[in-house]
Amino acid sequence: MFNTHKVEIEWAGRPFILETGKIARQADGAVVATYGATIVLATVVSEKEPKLGQDFFPLTVNYQEKVYAAGRIPGGYFKREGRPSENETLVSRLIDRPIRPLFPEGYKNDTQVIITVMQHDLENNPDILSMIAASAALTLSGVPFMGPIAGARVSYIKDKYVLNPNIDEIAESRLDLVVAGTSDAVLMVESEAQELTEETMLGAVMFGQRGFQPVIDAIIKLAEIAAKEPREFEQKDISSLEKKMLSIAEKDLRKAYQIIDKQARYSAIDEVQDKVKAEFLPEDEQQPEFTEEQVNIVFKHLQAKIVRGNILDTGIRIDGRDLKTIRPIKAQVGLLPRTHGSSLFTRGETQAIVVATLGTGEDEQYVDMLTGLLKETFMLHYNFPPFSVGEIGRLSSPGRREIGHGKLAWRAIHPVLPPKESFPYTIRVVSEVTESNGSSSMATVCGTSLALMDAGVPLIRPVAGIAMGLIKEDKRFAVLSDILGDEDHLGDMDFKVAGTENGITSLQMDIKIDGITEEIMQIALRQAKDGRTHILNEMAKAISSSRDDLGEYAPRIEVMTIPTEKIRDVIGSGGKVIREIVEQTGAKINIEDDGTIKIASSNIKTIEAAKCWIHSIVDEPEIGKIYEGTVVKATDFGAFVNFFGPRDGLVHISQLSSKRVPKTTDIVNEGDRVWVKLMGFDERGKVRLSMKVVDQETGREISERKHKDIENSPDNSKRPARRPYHNNKED
């Protein structure tokens with residue numbers, strides 16, 4: 001019934017299996033991939049005919065995690081998977097980026113790749129396996145895909161590279177890097193690092209590229225026995241159109257690309273395009289020689305030819321810069337004085353307002369993942385409104401681009417954050433991109449670093465980011481520092497590097513051609529280091545290190561630890577005690593299972609009041625120590641005083657005053673505030689207190705000599721205790 005084909009190898013010490021022919025047989029291509037005990041299913045379906053009027057390749061990649069894969073039921077009210085999580089969106093992008101460049105230009109057929117995690121062994125991350133499965137399914141499908149590709153994860157543990165570490169090993173690593181590519185070149189890199197050198201990062205990329213070669217061989221081996229016949233796809237020859245368009249538009253386009261201002265340049269380019277369309281798509285002609293799609297494609301080719309040729313021939317770019325110069329930078333902090341921390345970072349025509357907010361444990365984000373529930377204490381959200389590029393657009397929830405750019409900036413900043421133990425705050429950063437002309441994600445990195453330092457978050461070191469580009473024609477190439485939007489759009493590479501003065505914290509690379517060499521990456525990393533150093537120096541003009549204290553409006557958090565057996569006492573039955581402390585003091589209180597208590601408030605007196613209350617519950621009273629308490633009952637033989645949390649003790653009538661006291665109420669009444677000294681415990685464990693040895697005005701112990709002087713003084717009358725405010729008013 002099944003015509004199943006399978007290839008099995010050992011990869012990085014674990015079994016790796018690719019299988020086809022048994023599952024999802026009606027898809028154009030379907031592969032079940034297994035690594036360790038993690039299993040994913042990848043399918044490909046591509047329409048037989050191109051989508052009419054489409055001027056881009058309509059490829060959709062959907063990565064989806066099924067909670068049953070980890071033997072769990074989804075959390076929340078609806079017990080089924082819903083909208084894609086942030087992780088599913090990021091992995092979808094991770095797979096899309098290396099496979100998209102390998103489809104031929106002109107292929108406009110709707111294509112969908114769906115990858116489903118069917119089983120997760122909680123050891124082997126399914127993202128790399130999903131990328132490989134998608135590549136294998138495309139290779140078998142007959143769709144014009146110039147693969148296969150493969151990917152690998154690289155860690156750096158104890159100064160050694162580790163290929164495909166398990167989930168526990170990643171936590172010990174100074175590097176989490178994903179690399180994808182073909183047998184000859186690298187196509188995509190995504191990473192987070194703890195200030196590693198350029199040489200170490202490049203070594204990791206090449207180590208990963210060598211490491212996934214057995215997987216590419218396995219995909220080719222499976223394709224040799226199971227691949228479908230390639231679809232016929234012939235790219236239309238439009239060289240004659242390109243030649244004609246060049247003759248009428250080249251001069252005007254070259255002139256337009258000499259305009260430095262982005263909006264003025266775009267207006268000039270639009271005028272040239274209108275002129276071209278009027279020539280090749282006349283309104284009075286029913287069936288023009290060329291389609292609108294062909295005219296648009298050739299016009300883009302012409303733009304690329306002019307921009308790329310100028311850079312390679314002269315070394316001068318669109319805005320007049322050479323290859324290495326960074327655009328003018330202006331940094332400012334404290335832009336929004338009532339927020340906890342804020343910054344405005346402007347680089348050329350790219351600008352971001354970044355705001356940092358500090359919160360407590362109540363503000364942590366709960367993330368439901370296949371591996372379990374994760375509590376996130378650092379969030380970075382990136383927003384890209386349409387006005388930032390001078391356009392009108394629909395405002396909606398964050399898309400894949402916003403989520404991806406936010407995560408890239410998150411990875412850049414995360415390695416320099418203080419440990420939770422020393423800085424127990426939840427941190428949320430929001431980047432509002434207000435202008436964009438190239439690498440707003442790197443502007444977000446710079447702005448985030450500035451805003452966090454402005455908020456008083458003790459970063460290890462400031463972080464800056466820079467985007468590098470590439471123009472490559474045959475053997476000639478040029479690496480560009482701090483690329484413009486046009487250079488990104490018309491170039492061959494988007495290479496983003498973030499880090500401190502000591503090393504790289506994040507690296508992301510996307511290639512639009514069939515890969516780049518180690519030499520080009522080496523040059524790009526070296527050039528990026530120089531650019532990053534320049535940007536850090538410009539940022540330092542606004543603020544060079546974190547402020548010594550938090551802002552006026554930021555919450556203060558103090559941490560205390562209590563014995564775990566006392567947690568129940570602080571919480572109380574049904575939470576009664578902790579609620580009372582919160583209501584009475586106004587502080588936010590978070591108690592963890594290990595006895596750690598975080599007390600938060602913008603008022604330090606509120607924190608101290610809550611701390612004292614908790615201490616009174618969990619601490620044991622010390623013999624010989626003086627406490628302030630409240631008289632809760634007056635009897636013939638003395639007064640009971642609540643002096644230490646819920647603890648009461650007896651001040652015997654003989655201990656109320658140095659003189660003989662006929663009646664307890666001659667000295668104290670219920671509700672009075674008094675100072676008492678803990679004298680000890682009687683044979684039954686009852687608390688013995690004394691008032692006569694404590695000065696009721698100052699709360700200080702009376703010396704033995706002074707005590708005798710008071711006793712013998714003829715003017716020594718009874719000294720009433722301090723009354724509550726309302727009693728004093730009545731008196």
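Is D482 buried or exposed? In this predicted model, D482 is buried, with a relative accessible area of 1%. The cut-off for a buried residue is under 20% relative accessible area, so D482 falls within that class. This residue lies in the loop between β19 (476–481) and α11 (485–490). Its backbone also stands out. Phi of D482 is near 55 degrees, a positive value in a residue that is not glycine.

A second aspartate, D159, also has a positive phi, near 65 degrees. D159 belongs to the loop that connects β7 and β8 (160–163). Its relative accessible area is 57%. Exposed residues are those over 50%, so D159 counts as exposed. The two aspartates thus present opposite settings: D159 is exposed, whereas D482 is buried.

Another backbone feature occurs at P148. The peptide bond that runs from G147 to P148 is cis. Its omega is near 5 degrees. P148 sits in the loop between α2 and β7 (150–157).

Attention now turns to the interior. In soluble globular proteins, nonpolar side chains tend to be buried together. The largest nonpolar core of this model holds 161 residues. Within this core, W11, M245 and F495 touch the most other members. The contacts of F495 can be listed, leaving aside residues up to four places away in sequence. F495 touches I466, A467 and M468. It also touches L507, Q508 and M509. M521, A524 and L525 complete the list. Another core lies apart from the largest one. This other core has 18 residues, including Y627, A639, I653 and L689.

The model also contains enclosed space. Four cavities of 30 Å³ or more are present. The second largest cavity encloses about 120 Å³ of space. W11, one of the three core residues named above for touching the most other members, is also part of the lining of this cavity. Other lining residues include R14, Y35, N124, N125 and D127. I128, L129 and I132 line the cavity as well, as do R153, N164 and P165. Which helix gives the most to this lining? Helix α2 (residues 126–141) does, with four residues. By residue class, the lining of the second largest cavity is made up of six nonpolar, three polar and three charged residues.

Key:
Residues are numbered from 1 along each chain as its sequence is written. This is a predicted model: local features need pLDDT of at least 70, side-chain atom pairs count only at pLDDT 80 or more; totals for chains, interfaces and linings use all residues. Side-chain values use heavy atoms; hydrogens and water are left out. A nonpolar core is a set of buried Ala, Val, Leu, Ile, Met, Phe, Trp, Tyr and Cys residues joined through side-chain atoms within 4.5 Å. Buried means under 20% relative accessible area, exposed over 50%, partly exposed in between (1.4 Å probe, protein chains only). Contact means heavy atoms within 4.5 Å. On a 1 Å grid over the protein atoms alone, a cavity is a set of points where a 1.4 Å probe fits but cannot get out, and a pocket is an open set with protein on both sides within 12 Å along at least five of seven lines; lining residues have an atom within 4 Å of a point. Grid points are joined across faces, edges and corners, and a volume is the space filled by probe spheres set on the points. Helices (H or I, at least four residues) and strands (E, at least two) are DSSP runs, numbered from the N terminus. Ala, Val, Leu, Ile, Met, Phe, Trp, Tyr, Cys and Pro count as nonpolar, Asp, Glu, Lys and Arg as charged, and the others, Gly among them, as polar.
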